[in-house]
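User: Please take one part of this structure and go through it closely. I want the charged pairs, the backbone geometry and the exposure of the residues concerned, in one connected account.

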Amino acid sequence: MVSRHWLFKSEPSTWSWDMQVAAGRKGTRWDGVRNHVAKQNLNAMRPGDRGFFYHSNEGKEIVGIVEVLREPYPDSAAPGEPWVVVDVRAVAPLPKPVSLAAVKATPKLAKMSLVKAARLSVQPVTEAEWKIICRMGGLAV
């Protein structure tokens, strides 16, 4: 099975990378998504998929990597509604956070959802984008 890559956006004052790390190996629910395109992205996730953890509004940088632990399931905060959540856990911080400005300054990332659909809270990341960002963040790929 081929794993996919994603980008999860969170405001650090609401849910930060440090909070995600503190959740430990059991991880936590990625909830609160109320956008239909983002919901479709959540529905496409499978255990083992990896994602970038992005601090939005404050910092505006990719700071770590998370792993999807559980397939999408109904969001208990929205009973009777079609919203879903996935469980994710922190895998590793990026040795060097990758800023939004650096992403925008990289021509090969010009079509990345982070640039084109900036407001989308859960986004797909292509294999090529994943490798570029990992290298920019100081990780070997």
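Analyst: A residue is called partly exposed when its relative accessible area falls between the limits for buried, under 20%, and exposed, over 50%. The structure is a predicted model. The part chosen here is strand β3 (50-55), with the loop that leads on to β4 (61-74) and the loop between α2 (36-43) and β3.

The salt bridge within this part that joins two strands is a convenient place to start. R50 pairs with E67, and their closest N and O atoms are 4.0 Å apart. Since R50 belongs to strand β3 and E67 to strand β4, this contact ties together parts separated by 17 residues in sequence. The two partners fall into separate exposure classes. R50 has a relative accessibility of 30% and is therefore partly exposed, while E67, at 15%, is under the 20% limit and so counts as buried. Elsewhere, salt bridges with shared partners connect R29, D31, R34 and D75 into one network. A search over the whole structure gives seven salt bridges.

The loop ahead of β3 supplies a partner for each of two further pairs. The pair formed by D49 and R4 has its closest N and O atoms 3.5 Å apart. D49 sits in the loop between α2 and β3, and R4 in the segment before β1, so the contact ties together parts 45 residues apart in sequence. D49 is buried because its relative accessible area is 0%. R4, with 33% relative accessibility, is partly exposed.

R46 is the partner of E71 in the other pair, with 4.0 Å between the closest N and O atoms. Here too distant parts of the chain are linked: R46 is in the loop between α2 and β3, E71 is in strand β4, and their positions lie 25 residues apart in the numbering. Both partners count as partly exposed, E71 at 41% relative accessibility and R46 at 25%.

On the other side of β3, the loop to β4 is where the backbone geometry needs attention. Most residues other than glycine have a negative phi. N57 is not a glycine, yet its phi is positive, at about 60 degrees. N57 is located in the loop between β3 and β4, and its relative accessibility of 51% is over the 50% limit, so N57 counts as exposed. K60, also not a glycine, has a positive phi of about 50 degrees. K60 is found in the loop between β3 and β4, and its relative accessibility of 41% makes it partly exposed.

The numbering next leads to the largest pocket, whose volume is about 610 Å³. Its lining consists of 23 residues, and those nearest the centre are K9, S10, E11, S56 and S121. β1 (5-10) and β2 (28-30) are the elements that give two or more residues to this lining. β2 gives the most, with three residues. By class, the lining has eight nonpolar, eight polar and seven charged residues.

In brief, the charged contacts described for this part run from R50 in β3 to E67 in β4, from D49 in the preceding loop to R4 before β1, and from R46 in that loop to E71 in β4. For backbone checks, the residues to look at in the loop between β3 and β4 include N57 and K60.

Technical notes: Residues numbered from 1 in each chain as written. Predicted model: local features only at pLDDT ≥ 70, side-chain atom pairs only at ≥ 80, totals over all residues. Heavy atoms only, no water. Helix = DSSP H or I, 4+ residues; strand = E, 2+ residues; numbered from the N terminus. Buried < 20%, exposed > 50% of the residue type's maximum accessible area, 1.4 Å probe, protein only. 1 Å grid on protein atoms, 1.4 Å probe; cavity = no way out; pocket = protein on both sides within 12 Å on 5 of 7 lines; lining within 4 Å. Points joined across faces, edges and corners; volume = space filled by probe spheres on them. Nonpolar A, V, L, I, M, F, W, Y, C, P; charged D, E, K, R; others polar. Salt bridge = Lys/Arg side-chain N within 4 Å of Asp/Glu carboxyl O.
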